[in-house]
Amino acid sequence: MIDKERIREALKTAINYSTADQLEVIASSRNIALTRFSNNYIHQNVAETNMSISIRAVVGKRLGYASTNRLDKDSIENVVDKAIENAVHRPPDLDFVSLPEPKQITERDLIARSTIEYTPKERAADVLKFINIVSPHNLVAAGAFSTGYSTIGVANSLGASAVEVISEAELKAVVMSDTSSAYASAISTSASNIDIERLATIAKETAIAAQNPIELAPGRYTVVLSPDAVADMISFMAFAGFGALSLQEGRSFMKDRFGEKILSPLVSIWDNAFDPNTIGLTFDFEGVPKQKIVFIENGVAKGVCYDSYTANKEGKESTGHALPAPNTYGPLPLNLVMAAGDSSLDDMIKSCERGILVSRFHYTNLEDPIKTILTGMTRDGTFLIEDGEIKTPIKNLRFTQSIIDALSRVELISRDRILKDAILGAVFVPWVKISEFNFTGATQF
C-alpha cells in the first residue's frame with residue numbers, strides 16, 4: 001500500500017531539489033482491482049498499482065513540464081531537471097503571474113477501509129449474485145466491478161501542500177436479450193453501498209420490458225431522462241462553458257449572459273466538493289482548496305470556476321478548480337450537483353400525454369460548445385409513453401439537441417437523485433422531464 005507519507009516524501013524531495021524560480025509537484029498512486037465478466041461468466045481478475053509524479057517548473061515566465069511513474073529519489077531529481085530544462089527552452093508565457101500561495105485545506109473522510117480491503121472473492125460473489133438474478137430469464141450480463149483507492153498529493157515551492165486518499169468502488173454492467181439491452185451502474189467510496197441485488201433487478205426488468213421494440217418516427221418529443229442521461233448532458237454543458245478559460249476565449253455560452261435567465265427556473269447547478277453526495281478531492285491540482293461555485297441558480301447564469309492562471313488574468317482568486325498542468329481545457333468542475341425537484345418518476349410518466357422514456361445516452365459528442373449542441377443516441381431501454389403509461393419499447397433514436405434549449409424546457413425534476421459517473425467525474429443528478437426534445441434519426445435496433 002502506497003500511503004500518504006510516501007507521497008508527501010516524494011513532494012518534499014522534488015521541492016527541496018529544485019533550482020527553478022517556482023516549482024509545482026503532483027504525486028499520486030492508484031491501487032485498483034477489477035473483476036470482469038461476460039456471457040454470465042467471470043473471465044478476468046486483475047489488480048494494478050501505478051504511481052506518477054508530474055512537475056511544472058517556472059523559470060521567469062517560462063514554464064516546463066515533465067513526468068515519470070517512478071518515485072525513487074534519483075528519478076524524482078531527474079524529472080525535476082527535465083522540467084527545468086524544458087522551461088528554459090520554451091517561449092515565455094506573458095500571461096503567467098505565479099503559482100498559488102498556500103491556503104488552509106479542509107479534509108473530507110473519503111476512505112472506506114472495507115473498499116480498500118475488498119478481496120477478489122468478495123467481488124466474485126457480488127458478480128455471481130448479479131448474474132444469478134438475470135440469467136434465469138434468458139439474459140446475459142457483461143461488465144466489470146472494481147474496488148481500490150487513490151492517493152493524490154500536490155505541493156509547490158511557495159508552501160502549498162495537500163495530500164488526500166479516496167477509496168472507490170464502481171460497477172458497470174450491460175444485460176442483454178436477443179432484442180434488448182439494459183444498463184446498470186453505481187459508484188461510491190464504499191463497496192457496501194453498491195446494491196448489487198437492486199441494480200441487477202432493475203436491469204433485468206428493463207431488459208425484459210425492452211424486448212421486441214417497435215419503430216418510432218424521428219421528431220420532437222417530450223422526454224423523461226434518467227440520471228445517466230442527465231449526467232451526460234450536465235457534464236458536456238460544464239465542459240462547454242463552466243470554466244473561466246472558455247469564457248476568456250469567447251467560446252462559452254455563459255459569455256455576456258451573467259444575470260440572465262438562460263434555463264428553466266427549475267434548474268440549478270453548482271460544484272461542491274464538500275457535498276456529502278459527491279466524491280472528489282477537496283483541493284485542486286494546484287493545491288488550492290475548492291470553493292462551492294454556483295453556475296446556474298433558478299435558471300440564471302451566475303458564474304464560472306477559475307484556476308490560478310485564469311484568475312490572475314482577471315485579477316481574481318482561484319476557486320480551486322485547476323486540472324493537472326499542462327492542459328488545454330483550463331479549470332473545470334469535477335463535483336457537479338443538480339438541484340432536486342419535487343416530483344417522482346411516476347409523476348413524470350403520468351404527466352406525459354405522449355413522450356419517450358430514455359434510460360441512457362450513448363456515443364454523445366459536443367458539436368458546438370457555444371450553442372451546446374449535443375449529438376448521440378438512446379440506448380439500453382427506450383420506451384414510448386402514451387396517456388401517462390409506458391406503452392411499448394421502441395428502437396433507439398438519434399438526437400441532435402442544444403443542451404441549453406433542452407434545459408430551458410424542463411417541466412419536472414425528481415426529488416430523488418443518484419451519483420453517476422460522467423466525463424467530468426461523478427455527477428449527482430435527478431430524473432428530468434423535458435418537452436420538445438429533438439430526435440433526428442432512427443436506428444435498426
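This is a short talk on one sheet and two buried residues in a predicted model.

Let me start with the sheet. It is open and has 6 strands. The order is 3-2-1-4-5-6, and the pairing is antiparallel. Which strands form the edges? Strand 3, residues 62-68, and strand 6 do, and each of them pairs on one side only. On average, neighbouring strands here are turned by 15° against each other, direction ignored.

Now inside the sheet. Strand 1 covers residues 22-38, and strand 4 covers residues 140-156. These two run antiparallel, joined by 14 bridges. For a marker, take R36: opposite it, in strand 4, stands A144.

Helix 5, residues 196-209, packs on this sheet. What does helix 5 touch? Its contacts are with strand 5 and strand 6. The direction of helix 5 makes about 160° with that of strand 6.

Next, strand 6 itself. Strand 5, residues 161-176, pairs with strand 6 in the antiparallel sense, over 8 bridges. The link between them is a hairpin of 4 residues. One bridge to look for puts V174 against Y183 in strand 6. How many residues of strand 6 are buried? The count is 7 of 8, so this strand, residues 181-188, is mostly covered.

On to the first of the two residues, K420. It sits in strand 18, residues 410-422. Buried or exposed? K420 has a relative accessible area of 8%, and the cut-off for buried is under 20%, so K420 counts as buried. Its side chain makes a polar contact with the side chain of S185, at 2.9 Å. Beyond four places in sequence, K420 touches S185, P227, D228, A231, G425, A426 and V427.

The second residue is M237. Look in helix 6, residues 227-241. Its relative accessible area is 0%, so M237 is buried too. Which residues surround it? Leaving aside neighbours within four places in sequence, M237 is in contact with F242, F253, L263, I269, I296, I403, I404 and L407. One more pair to display is M237 and I370. They are 133 residues apart in sequence, and their C-alpha atoms are 9.7 Å apart in space.

To recap. Strand 6 is an edge strand of the open sheet, and helix 5 touches it. K420 makes its side-chain polar contact with S185. M237 is buried, at 0%. That's it from me.

Terms used: Residues numbered from 1 in each chain as written. Predicted model: local features only at pLDDT ≥ 70, side-chain atom pairs only at ≥ 80, totals over all residues. Heavy atoms only, no water. Buried < 20%, exposed > 50% of the residue type's maximum accessible area, 1.4 Å probe, protein only. Contact = heavy atoms within 4.5 Å. Polar contact = N/O pair within 3.5 Å; in protein donor to acceptor, adjacent residues only side chain to side chain. Pairing = 2+ DSSP bridges. Axes fitted to C-alpha atoms, helices over the stretch in contact; angles between N-to-C directions.
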